[in-house]
Amino acid sequence: MKSLSLILLLLTNIACSETKSVYLCDSEGGKKYHFEKTCRGLSNCQHKIIETTLDKAKSQGKTRCGWEK
Ligand SMILES: [Zn+2]
């Protein structure tokens with residue numbers, strides 16, 4: 001059962017890394033990610049709000065929302 005413990009270890013590592021959920025406004029000009037789904041930066045989003053991970057948002061060139069300091 002060595003492989004099982006390895007998987008568990010990987011899952012634990014993933015949970016501790018930047019796989020935190022963030023929210024994006026799925027508009028063409030959207031360049032920000034948000035930690036809060038209720039953020040005022042998202043409230044004027046006219047498009048779909050999509051949930052992704054911090055890693056993915058960063059790899060797509062998104063930067064952190066200016067309202068969330
Ligand atoms: Zn925000």
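A residue counts as exposed when its relative accessible area is over 50%, and as buried when that figure is under 20%. Anything in between is called partly exposed. I start there because Arg 40, with a relative accessible area of 53%, is exposed by that cut-off. What we have on the screen is a predicted model, so every value I quote is computed from predicted atoms.

First, the layout. The protein has 69 residues, and buried ones make up 23% of them. There are three helices and four strands. Going along the sequence, the order is α-β-β-α-β-α-β.

Now the metal site. Which residues donate to the zinc ion? They are His 34 through ND1, Cys 39 through SG, Cys 65 through SG and Glu 68 through OE, at 2.0 to 2.3 Å from the ion. The angles subtended by the four donor atoms run from 92 to 124 degrees, which makes the arrangement tetrahedral. For reference, the ideal angle for four tetrahedral donors is 109.5 degrees. If you want to find the donors in the sequence, their spacing is H-x4-C-x25-C-x2-E. Take Cys 39 and Glu 68 as a pair: Cys 39 is in the loop between strand S2, residues 32-34, and helix H2, residues 40-43, while Glu 68 is in the segment after strand S4, residues 63-64, so the pair ties together parts that are 29 residues apart in sequence.

How accessible are these donors? Cys 39 has a relative accessibility of 6% and therefore counts as buried. Cys 65 is buried as well, with a relative accessible area of 3%. Glu 68 is also buried.

Back to Arg 40, which is found in helix H2. The charged end of Arg 40 sits over the ring of Trp 67, and the distance to the ring centre is 3.7 Å. Between Arg 40 and the zinc donor Glu 68 there are 9.1 Å, C-alpha to C-alpha, for a sequence separation of 28 residues.

Next, the disulfide. A search of the whole structure finds one. The bond joins Cys 25 to Cys 45, with the sulfur atoms 1.9 Å apart. Is the disulfide right-handed or left-handed? The torsion about the S-S bond of Cys 25 and Cys 45 is about 80 degrees, so the disulfide is right-handed. Cys 25 belongs to strand S1 and Cys 45 to the loop between H2 and strand S3, residues 49-53, so this pair ties together parts that are 20 residues apart in sequence. Both ends are buried: Cys 25 has a relative accessible area of 13%, and Cys 45 has a relative accessibility of 14%.

On to the nonpolar part. In soluble globular proteins, nonpolar side chains tend to be buried together. Here the largest nonpolar core has five residues, namely Val 22, Leu 24, Tyr 33, Leu 54 and Ala 57. Strand S1, residues 21-25, and helix H3, residues 54-59, each supply at least two residues of that core. Leu 54 is placed in helix H3, and its relative accessible area of 6% makes it buried. Tyr 33 has a relative accessibility of 6% and also counts as buried.

Tyr 33 comes up again when we look at the rings. The whole structure gives one aromatic pair. In that pair, the ring centres of Tyr 33 and Phe 35 are 5.7 Å apart and the planes are at 85 degrees, so the pair is edge-to-face. The cut-off for edge-to-face is over 60 degrees between the planes.

Phe 35 has a second contact, with a lysine. The charged end of Lys 20 sits over the Phe 35 ring, 4.6 Å from the ring centre. Where is Lys 20? The residue lies in the loop between helix H1, residues 2-16, and S1. With 48% relative accessibility, Lys 20 counts as partly exposed.

Two C-alpha distances finish the picture around that loop. From Lys 20 to Leu 54 the separation is 5.5 Å, with their positions 34 residues apart along the chain. From Lys 20 to Lys 56 the separation is 9.9 Å, and those two are 36 residues apart in sequence.

To recap the two linkages: the zinc ion has its protein donors in His 34, Cys 39, Cys 65 and Glu 68, and the disulfide joins Cys 25 to Cys 45. That is all I have.

Conventions. Residues are numbered from 1 along each chain as its sequence is written. This is a predicted model: local features need pLDDT of at least 70, side-chain atom pairs count only at pLDDT 80 or more; totals for chains, interfaces and linings use all residues. Side-chain values use heavy atoms; hydrogens and water are left out. Rings of Phe, Tyr and Trp (its six-membered ring) pair if their centres lie within 6.5 Å; planes under 30 degrees apart count as stacked, over 60 as edge-to-face and the rest as tilted. Buried means under 20% relative accessible area, exposed over 50%, partly exposed in between (1.4 Å probe, protein chains only). A charge sits over a ring if NZ of Lys or CZ of Arg is within 6 Å of the ring centre and within 35 degrees of the ring normal. Donors are N, O and S atoms within 2.8 Å of the metal (3.2 Å for Na, K and Ca); water is not among the atoms, so sites may look incomplete. Four donors count as tetrahedral if all angles lie between 85 and 135 degrees; four count as square planar and six as octahedral if opposite donors are over 155 degrees apart and all others between 65 and 115; anything else is irregular. A nonpolar core is a set of buried Ala, Val, Leu, Ile, Met, Phe, Trp, Tyr and Cys residues joined through side-chain atoms within 4.5 Å. A disulfide is a pair of cysteine sulfur atoms within 2.5 Å.
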